[in-house]
Amino acid sequence: CLHGRDDSAKMSSKVAGRTASSKHSKDADKDKADNIKVIVRCRPLSSKEEARNCEKCVAIDTKTGVITVTNPASKEARTFTYDKAFDWTSTQMEVYEATGRPIVEAVLDGYNGTIFAYGQTGTGKTFTMEGVRSDPALRGIIPCCFDDIFSCIQRSPGKEFLVMVSYLEVYMEKVRDLLSKDVSKALKVSYHPETGAYVKDLHSCVVNSAKEIERVMSLGNKNRSVGVTDMNERSSRSHAILTIHVECSEAGEDGEKHIRVGKLNL
C-alpha cells in the first residue's frame, strides 16, 4: 500500500478503503478508496550521533513535502517528494492531525483504515506511534486514535456501537496472538472470498473506553519479542498489528436498523 513520487524511500502510509455500505456519493467513495498517502517524519540527531559530531544531511520543506538529502562528502543532493513531511521540530499532535484523525473519522463512517509506520531501527517509529502515554503533549498516534474513537462515540446519540480489539505479532515468519494465554502458538493466515485475508483463531476483546484499549495493548506489549540492536537497547524485533473493529448500528429512513462496519489497523 506504500507509494511515493520519484524514487523515494517509503517510510509511512495511510489508507482508507470502503468495507460497508452506507449513503454516500460515488465521488465521496472514490475519494476515500484512493486515499493512500506517504508521510515522512525525520528525527533529530541522537546523543550518539552528536557525540561523534555528526552533521544533518537532510533538509525538509514542511510546506511542500520535499526532502533534500545531501552527501556530506560529494555534496551531491537528491530530492524526494511526499504527501507530507515533518522535520525534527514537529509535535506529536501535528503528526496525529495529519495522519490519524482523518482515518479515525473514516473508520467510524464504515471504512477500513491503516496507519503503518515503517523505518530503520532507531528512527522513531515507537515514539511516533505510541509516544509517552503519561504526558498529554507526547502521546503518539495510537493513544490519540483511542481517545478520538470514543470521543466520537460519546457525541453520537441515537447510535449503538460495538468496539473490539485484537493484537498480533509477525516474528520470524510466524503469526502470534499477543492476547492469547499461549502466545507461543503460531496461528494460520487464511483467506475468505468475501472478507479477504484473516488470522484463524485470533482473539478479540470487547472494549468500552480508551483506557480499556490501552490496558489491552499494554498486556500485548509485554508479550512482544524484543532484542538489543546498535541503535536501540530494547528494540521490538517484530511487526505488530493492533486492530480496532468498530460496528455502528442506527435506524435508517426506512425505520430499520442498519449496521456500518469499519476497521482500524495500527
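In strand β13, the bridge partner of Val165 is Cys205. Val165 also has a bridge partner in strand β16, namely Ile244. This is a predicted model, in which local features need pLDDT of at least 70 and side-chain atom pairs count only at pLDDT 80 or more, while totals for chains, interfaces and linings use all residues. Residues are numbered from 1 along each chain as its sequence is written, and side-chain values use heavy atoms, with hydrogens and water left out.

**Strand pairing**

- Strands (E, at least two residues) and helices (H or I, at least four) are DSSP runs numbered from the N terminus, and two strands pair if DSSP finds at least two bridges between them.
- Strand β8 (residues 160-171) pairs with β16 (residues 239-251) in the antiparallel sense, over 11 bridges.
- β8 also pairs with β13 (residues 205-207), again antiparallel, over 3 bridges.
- With strand β9 (residues 174-177), β8 shares 4 antiparallel bridges, and Leu168 stands opposite Asp177 in β9.
- The hairpin of β8 and β9 has 2 residues between the strands, and Met172 takes a positive phi near 55° there.
- Strands β11 (residues 189-192) and β12 (residues 196-199) run antiparallel with 4 bridges; they form a hairpin with 3 residues between them.
- Ser190 of this hairpin stands opposite Tyr198 in β12.

**Nonpolar core and helix α3**

- A nonpolar core is a set of buried Ala, Val, Leu, Ile, Met, Phe, Trp, Tyr and Cys residues joined through side-chain atoms within 4.5 Å; buried means under 20% relative accessible area, exposed over 50%, and partly exposed in between (1.4 Å probe, protein chains only).
- The largest nonpolar core has 35 residues, of which Phe146, Ile244, Leu264 and Leu266 touch the most other members.
- At least two residues of this core come from each of α3, α4 (101-108), α6, β8, β13, α7 (210-221) and β16.
- Helix α6 gives the most to this core, with 9 residues.
- In helix α3 (residues 92-99) the buried residues are Gln92, Val95, Tyr96 and Thr99.
- Seen down the axis of α3, these residues fall within an arc of 100° (taken from the directions from the helix axis to the C-beta atoms), so they line one face of the helix.

**Salt bridges**

- The whole structure holds 9 salt bridges, each a side-chain nitrogen of Lys or Arg within 4 Å of a carboxyl oxygen of Asp or Glu.
- Arg139 and Glu214 meet in a salt bridge at 3.0 Å, N to O; Arg139 lies in the loop between α5 and α6 and Glu214 in helix α7, 75 residues apart.
- Both Arg139 and Glu214 are buried.
- Glu250 and Arg260 form a salt bridge at 3.1 Å, N to O, which links β16 to strand β17 (residues 257-265).
- Glu250 is partly exposed at 23% relative accessibility, whereas Arg260 is buried at 12%.
- Glu97, Arg101 and Asp148 are joined into one network by salt bridges that share partners.
- Arg133 and Glu130 form a salt bridge in which the closest N and O atoms are 3.9 Å apart; Arg133 is partly exposed at 23% and Glu130 is buried at 17%.

**Partly exposed nonpolar residues**

- Leu138 sits in the loop between α5 (125-129) and α6 (141-154) and is partly exposed, with a relative accessible area of 31%.
- Phe116 is in strand β7 (residues 111-117) and is partly exposed at 36% relative accessibility.
- The C-alpha atoms of Phe116 and Leu266 are separated by 6.3 Å, although the two residues are 150 residues apart along the chain.
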